[in-house]
Amino acid sequence: MNAIRVAHRQTKNWADRIALSMVRLLRWGMDTATGYTHDEGSVKPKGDSNPASLSQNKGWFAMTERKWLVRFLFLESVAGVPGMVAASVRHLHSLRRLKRDNGWIETLLEEAYNERMHLLTFMKMAEPGRFMKFMILGAQGVFYNGFFLSYLMSPRICHRFVGHLEEEAVLTYTRAIAEIDAGNLPKWAKFEAPEIAVRYWNMPEGHRTMRDLLLYIRADEAKHREVNHTLSNLEQKSDPNPFVSECK
């Protein structure tokens, strides 16, 4: 899991540029809502050859353990939406057209479930306040309906959007891991992962720290990045899902 790398797929056409622009807009909104900030640096997570950024700001703008958790909660509450929306739309298409889905629905539901488990794990570490819950409610309402309409119009752009969104998630978790390695998050130095995480990822004894937990989650996000960029490259109505051994 230490081998996971920050990566970015270059845009190749107008559809890719639309998807990337929407991700950048969403990222700006999420950064503002969660108080996220960082300075570009050259510090790297242990065992990672990619540059990662640390929060060099002091005082109110420093990224504390609490601020990281707020960001993780907000991020995962949004990240769990696309898979469920895409799966439900494809499910209804399959029923309406009386045709098989070629194995896409299962993978999309697995993605949504995985993102929800990320959220439930972080909720064991910090209970969101009323304002945070209100922010999540509003963001989910807007994002769900917007993504639903967008998926009806262009599922290819939507999967590219999610691929770029997962690139940002990998970057965020890489920076958090770098913060832990640099000693900037002392409360997490010996923090034990919640029991729900230990059971879900089958975390072995001696590898249940906060850093280990973020490594597992980052690996999940990297896989979602790969899956969605691949799905975006396929013919949406006819190509089989290459990530399942048997199309249903």
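In this short talk I will walk through the overall make-up of this protein, then its pocket and cavity, its surface patch, its salt bridges and two loop residues.

Before anything else, please keep in mind that what we are looking at is a predicted model. The protein has eight helices and zero strands, so if you follow the chain from the N terminus you will meet the elements in the order α-α-α-α-α-α-α-α. There are 248 residues, and 50% of them count as buried.

Let me turn to the open spaces, beginning with the largest pocket. The volume of this pocket is about 600 Å³, and its lining is made of 23 residues, with Met22, Leu26, Val142, Phe143 and Phe161 lying nearest the centre. Which helices supply at least two residues each to that lining? They are helix H1, covering 14–34, helix H2, covering 65–79, helix H5, covering 130–153, and helix H6, covering 155–181. Of these, H5 gives the largest share, with ten residues. As for the character of the lining, 18 of the residues are nonpolar and five are polar, while no charged residue is found there.

Besides the pocket, the structure holds one cavity of 30 Å³ or more, and the volume of this largest cavity is about 70 Å³. The residues that line the cavity are Leu26, Arg27, Met30, Arg71, Leu75, Leu165, Glu168, Ala169 and Thr172. Two or more of the lining residues come from each of H1, H2 and H6, and the largest share, four residues, belongs to H6. Sorted by class, the cavity lining has five nonpolar residues, one polar residue and three charged residues. If you would like a residue to carry from one space to the other, take Leu26, which is listed among those nearest the centre of the pocket and also lines the cavity.

Now let us move to the surface. Here Trp14, Ile18, Met22, Leu25 and Trp28 form a nonpolar patch, and together they have about 620 Å² of accessible area. Met22, which I mentioned as one of the residues nearest the centre of the pocket, is thus one of the members of this patch as well. Another member, Trp28, is found in helix H1; is Trp28 buried or exposed? Its relative accessibility is 61%, and because the cut-off for exposed is over 50%, Trp28 counts as exposed.

The next topic is charge pairing. In general terms, side chains of opposite charge can pair when their charged atoms come close. This structure holds seven salt bridges, and I will describe three of them in some detail.

I begin with Asp16, whose side chain meets that of Arg9 in a salt bridge at 2.9 Å, taken from N to O. Asp16 also pairs with Arg160, where the closest N and O atoms are 3.0 Å apart. Since Arg160 lies in helix H6 and Asp16 in helix H1, this pair ties together parts that are 144 residues apart in sequence. Taken together, Arg9, Asp16 and Arg160 are linked in a network of salt bridges. Are the members of this network buried or exposed? Asp16 is buried, with a relative accessible area of 4%; Arg160 is buried, with a value of 4%; and Arg9 is buried, with a value of 18%.

The third salt bridge has another setting, in helix H8, which spans residues 210–233. There Glu226 pairs with Lys223, with 3.1 Å between the closest N and O atoms. These two residues are three apart in the helix, which means that about one helical turn separates them. Glu226 counts as partly exposed at 37% relative accessibility, and Lys223 counts as partly exposed at 39%.

Finally, I would like to point out two loop residues with a positive phi. For Leu98, phi is near 55°, and the residue is not a glycine. Leu98 lies in the loop between helix H3, residues 81–97, and helix H4, residues 104–123, and at 76% relative accessibility Leu98 counts as exposed. Asn202, again not a glycine, has a positive phi of about 55°. The place to look for Asn202 is the loop between helix H7, residues 195–201, and H8, and with a relative accessibility of 63% Asn202 counts as exposed.

Technical notes: Residues are numbered from 1 along each chain as its sequence is written. This is a predicted model: local features need pLDDT of at least 70, side-chain atom pairs count only at pLDDT 80 or more; totals for chains, interfaces and linings use all residues. Side-chain values use heavy atoms; hydrogens and water are left out. On a 1 Å grid over the protein atoms alone, a cavity is a set of points where a 1.4 Å probe fits but cannot get out, and a pocket is an open set with protein on both sides within 12 Å along at least five of seven lines; lining residues have an atom within 4 Å of a point. Grid points are joined across faces, edges and corners, and a volume is the space filled by probe spheres set on the points. Ala, Val, Leu, Ile, Met, Phe, Trp, Tyr, Cys and Pro count as nonpolar, Asp, Glu, Lys and Arg as charged, and the others, Gly among them, as polar. Patches are made of residues with over 30% relative accessible area and no salt bridge: like charges are joined within 9 Å, nonpolar side chains (Val, Leu, Ile, Met, Phe, Trp, Tyr) within 5 Å. Accessible areas come from the Shrake-Rupley method with a 1.4 Å probe; for residues, only the protein chains shown count as cover. A salt bridge is a side-chain nitrogen of Lys or Arg within 4 Å of a carboxyl oxygen of Asp or Glu. Buried means under 20% relative accessible area, exposed over 50%, partly exposed in between (1.4 Å probe, protein chains only).
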